[in-house]
Amino acid sequence: MAYKISDDCAACGTCIDECAVGAISAGDTKYNIDPSACVECGACSGVCPVGAISQE
């Protein structure tokens, strides 16, 4: 299951640099993860300061 960013996202951008496959992009109010590109490594979840990233 791919990771997903909830509405709790603070749009800080910490996760985008952590994604080795470039699956994270900036949205209008939060960052988004492309589920077809996510390799489920969990690196983004580990660095999110507000805990907004989890597996679907």
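**Exercise 1. What percentage of the 56 residues of the protein chain count as buried?**

Start with the basis. This is a predicted model, where local features need pLDDT of at least 70, side-chain atom pairs count only at pLDDT 80 or more, and totals for chains, interfaces and linings use all residues. Residues are numbered from 1 along each chain as its sequence is written, and side-chain values use heavy atoms, with hydrogens and water left out.

Next, the cut-off. Buried means under 20% relative accessible area, exposed over 50%, partly exposed in between (1.4 Å probe, protein chains only). Result: 32% of the residues are buried.

**Exercise 2. Work out the order of helices and strands.**

Count the elements: two helices and four strands. Helices (H or I, at least four residues) and strands (E, at least two) are DSSP runs, numbered from the N terminus. Now read along the sequence: β-α-β-β-α-β.

Check the overall size too. The radius of gyration is 10 Å, close to the 10 Å from the globule rule for 56 residues, so the protein chain is as compact as a globular protein of that length. That radius is taken over C-alpha atoms; the rule is 2.2 Å times the number of residues to the power 0.38.

**Exercise 3. Decide the state of Cys19 and Cys44.**

Set the criterion: a disulfide is a pair of cysteine sulfur atoms within 2.5 Å. The whole structure has zero disulfides. For Cys19, the nearest cysteine sulfur is that of Cys41, 6.3 Å away. Cys19 is buried, at 17% relative accessible area. For Cys44, the nearest is again that of Cys41, at 6.2 Å. Cys44 is buried, at 8%.
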